[in-house]
Amino acid sequence: GLSRVLGNCLHHENARIHRSINASSLLNRTWSYRFHKGRSNNISTSTDYPEFRDLPHIKTHNDLYKFSIEDPELFWSRLARSRLTWSKDFSTACKSDFSKGKFGWFEGGVLNASVNCIDRHLEKRGDEIALIWERDEPGTHRFYTYKKLSEMVGKIGNLLTNSGVKAGDRVAIYLPKSPTAIATMLACARIGAIHSVVFAGFSADALAGRINDAQAETVVTANQTIRGGKLIELKKMVDAAVSKSPCVKRVLVYYRTEAKVPMGKLDIDMTKAMVQESPNCPVVERNSEDTLFMLYTSGSTGSPKGITHSTAGYLLYTNVTFKHAFDYNVGEKFGCVADIGWITGHSYVLYGPLSNGGTTLLFESTPLYPDPGRYWEMVERLKLNHIYLAPTSLRMLLKSGDEYVKKYDRSSLRKLGCVGEPLNHEAWEWYYNVVGERRCDIIDTWWQTETGGICISPRPSEIGADIQPGMPMRPMPGIDLALFDSQGKEVKGEDVEGALCIRRPWPGMARTIYRDHDRFLKTYFQTVPDVYYTGDGAHRHKEGHYQITGRMDDVLNVSGHRLGTAEIEDVMDDHPDVAETAVVGFPHDIKGEGIYAYVVLKDGRKTKKNELDQQLRNAIKKKIGGLALPEVILFTPGLPRTRSGKIMRRILRKVASNKFDELGDTSTLSEPEIVDFIINKHKELL
Ligand code: WTA
């Protein structure tokens with residue numbers, strides 16, 4: 001209930017503040033700096049928001065923000081009409097009903113996302129570069145112009161249609177980051193099919209679960225992928241998944257490498273079949289509120305949820321936030337290194353950059369291959385102007401020393417973005433001083449799979465410091481933030497903390513959880529009535545700047561990847577020797593958060609503990625994927641519980657974090673001696 005969730009937040013039991021960015025360390029820092037390259041609070045009428053040129057009261061970014069909150073319908077309607085290309089104009093800007101979790105933007109309008117991302121740029125920018133494919137093999141990048149991308153999308157669109165895919169059908173995409181993956185997503189958009197991209201690091205079982213939940217008849221995959229020089233047998237994984245997914249009628253296989261793979265009766269060699277198809281694919285027009293795509297993400301309970309996004313609202317929101325959060329100018333090369341299996345890849349590799357006619361990078365490799373200089377060597381070779389990455393990779397790279405950065409020319413870089421987890425001070429300073437040579441703005445962006453695009457980031461403002469380390473700072477236009485306490489009462493003023501909520505609908509917000517609107521309503525709109533509940537805690541500093549303190553629920557953030565503790569517990573609980581489990585997060589130097597599993601075994605089991613440890617790890621790898629493997633598995637005869645039987649996760653988290661003196665009063669537990677056992681065992685494992 002409300003007070004449970006919010007109470008946790010208030011007492012900091014659950015808001016797992018990254019230890020080096022907690023509020024007190026931040027308050028000691030008074031320094032900040034102004035935006036580089038003359039970005040001021042005054043709106044430049046030619047480049048920033050020309051749509052509001054005729055409104056005399058909008059002169060600054062703060063004026064614009066205020067206007068966006070006071071008159072969101074006018075604000076978003078003007079942007080929608082000027083930034084997107086419509087086949088039919090819309091009639092209403094926004095319809096919303098928080099009590100039902102129902103939202104609609106630009107209804108009556110008709111458009112197509114692939115037209116907005118490709119066709120409308122062809123005349124002027126057809127020969128410009130749309131995609132830079134930074135292949136795993138260092139130094140072997142390839143350029144794809146808008147014309148070339150258009151042909152690929154046309155051919156894949158026709159191939160999908162001719163194979164029987166219709167508007168509204170779900171297409172599961174399990175592909176490495178490649179032009180084929182982008183073209184397949186856009187081909188789905190073109191024919192009105194709903195893409196559901198599954199990160200190629202998830203296991204066959206995880207893929208099968210997502211295929212089945214979406215009832216996808218079509219899977220698009222590759223024979224193999226190559227990451228950090230290692231071959232991964234992707235098609236084999238798909239074969240295993242499809243054997244558990246009776247709904248699948250066809251599997252398109254793209255040949256990323258030369259290797260032959262067994263082809264069954266459902267399989268279509270995509271590379272060959274595309275040769276036969278025409279590059280001109282008819283557009284299937286979509287209504288504004290038709291689903292553009294779905295993407296699975298973890299919640300605090302249950303199986304991953306299929307978050308669905310709309311066509312018009314999502315496209316507009318990624319288009320606008322991409323341009324203004326990063327101050328992107330057409331012609332610049334934008335390098336978001338996230339995989340397309342995550343929302344960051346959807347919004348800021350594909351839809352934001354391409355709907356703006358931009359040039360976007362597809363990074364197929366890893367930051368450490370062939371050495372920790374890969375990002376910066378790539379920046380020099382490709383002359384990237386923006387880079388957008390996860391704090392976890394910065395924490396990893398800064399340990400390898402500055403030489404790997406300094407030996408490459410980074411003078412092309414202008415903005416340095418990050419997303420996914422708090423950017424701690426050490427990483428912030430390294431990014432700013434070493435990578436950016438104190439020349440580039442650090443753009444820390446806060447958002448979620450559910451928000452569709454960036455909601456908080458350091459945009460220009462006349463109030464106070466322009467950019468302050470350690471926080472994403474200011475709400476983007478149209479985003480009305482509020483904090484709430486454990487009673488569901490709004491927390492006002494400055495230097496306060498609470499549950500981060502968004503009070504007004506915005507075009508990019510998720511519309512539902514696929515086939516489970518009830519869960520959507522409960523998760524996001526009922527904890528605090530009449531607002532969108534993010535699940536994160538936040539601290540509002542002086543001048544209204546927001547700092548994120550961490551999740552307040554049982555969602556983990558491991559290397560910027562969202563994982564539900566319940567998902568990992570479920571896998572371990574299935575083991576015949578396991579009685580029960582509890583998974584918690586703990587602060588981890590590089591990953592941000594590590595996974596710590598407490599496991600209670602059944603009496604009379606036969607398997608040895610070290611074998612069990614391995615079996616549990618294998619099961620997690622098989623059911624979810626390597627990214628969910630625990631750092632520590634601790635076997636214990638029991639778990640600390642209240643007298644009413646509730647597992648005290650707070651205590652488990654404190655032990656995992658070595659905070660033995662912060663356990664609080666344990667005398668009220670049903671078996672206080674369990675805590676001593678766990679502490680001793682934990683110390684042994686260290
Ligand atoms: C966390 C990723 C601190 C947060 C786009 C959120 C952040 C979750 C930041 C969403 C940030 C994201 N500072 N924490 N700048 N950005 N988060 O759905 O806990 O994969 O709720 O979307 O990541 O993760 P998701």
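1. In this predicted model, C94 stands opposite W105 of strand β2. The two strands concerned, β1 (residues 94-97) and β2 (residues 102-105), run antiparallel to one another and are joined over four bridges. Together β1 and β2 make a hairpin, with four residues between the strands. Within that turn, G101 adopts a positive phi of about 65°.

2. The ligand site deserves a careful look. The shell around the ligand holds 17 residues, of which D444, T445, T449, D536 and R562 come nearest. By character, the shell residues comprise six nonpolar, six polar and five charged.

3. Several polar contacts to the ligand can be located individually. A backbone N or O atom of T445 lies 2.7 Å from a ligand nitrogen, and a polar backbone atom of E421 is 3.4 Å from a nitrogen atom of the ligand. The side chain of Q448 contributes an N or O atom that is 2.9 Å from a ligand oxygen. The ligand taken alone exposes 540 Å², and the protein buries 95% of that area. Two or more residues of the shell come from each of α12 (343-355), β20 (441-445) and β26 (546-551).

4. Turning to charge pairing, the model contains 43 salt bridges. One of the pairs is K235 with D267, whose closest N and O atoms are 2.8 Å apart. This salt bridge links distant parts of the chain: K235 belongs to helix α9 (residues 234-242) and D267 to strand β12 (residues 267-269), with 32 residues separating them. Are K235 and D267 buried or exposed? Both residues are buried.

5. A second pair, E289 and R511, has its closest N and O atoms 2.9 Å apart. The two residues are 222 residues apart in the chain. E289 sits in the loop between β13 (286-287) and β14 (291-297), while R511 sits in the loop between β23 (496-502) and β24 (512-513). The partners fall into separate accessibility classes. R511 is classed as buried because its relative accessibility is 8%, which is under 20%. E289 has a relative accessibility of 22% and therefore counts as partly exposed.

6. The side chains of K591 and E631 also form a salt bridge, at 3.1 Å from N to O. Here the link is between two loops: K591 lies between β29 (578-588) and β30 (592-601), and E631 lies between α19 (609-623) and β31 (632-636), 40 residues away. K591 counts as partly exposed because its relative accessibility is 25%. E631, with a relative accessible area of 34%, is likewise partly exposed.

7. Salt bridges in this model are not confined to isolated pairs, since E134, R374, E377 and R381 are linked in a network of them. As a general point, side chains of opposite charge can pair when their charged atoms come close.

8. A last remark concerns R410. This residue is found in the loop between α15 (403-406) and β19 (415-419). Why is R410 classed as buried? The reason is its relative accessibility of 4%, which is under the 20% limit for that class. The side chain of R410 reaches the backbone oxygen of V405 at 3.3 Å.

Key:
Residues are numbered from 1 along each chain as its sequence is written. This is a predicted model: local features need pLDDT of at least 70, side-chain atom pairs count only at pLDDT 80 or more; totals for chains, interfaces and linings use all residues. Side-chain values use heavy atoms; hydrogens and water are left out. A salt bridge is a side-chain nitrogen of Lys or Arg within 4 Å of a carboxyl oxygen of Asp or Glu. Buried means under 20% relative accessible area, exposed over 50%, partly exposed in between (1.4 Å probe, protein chains only). Two strands pair if DSSP finds at least two bridges between them. A residue is near a molecule or strand if one of its heavy atoms lies within 4 Å of it. A polar contact is a pair of N or O atoms within 3.5 Å; within protein, one must be able to donate a hydrogen and the other to accept it, and residues adjacent in sequence count only if both atoms are side-chain atoms. Accessible areas come from the Shrake-Rupley method with a 1.4 Å probe; for residues, only the protein chains shown count as cover. Ala, Val, Leu, Ile, Met, Phe, Trp, Tyr, Cys and Pro count as nonpolar, Asp, Glu, Lys and Arg as charged, and the others, Gly among them, as polar.
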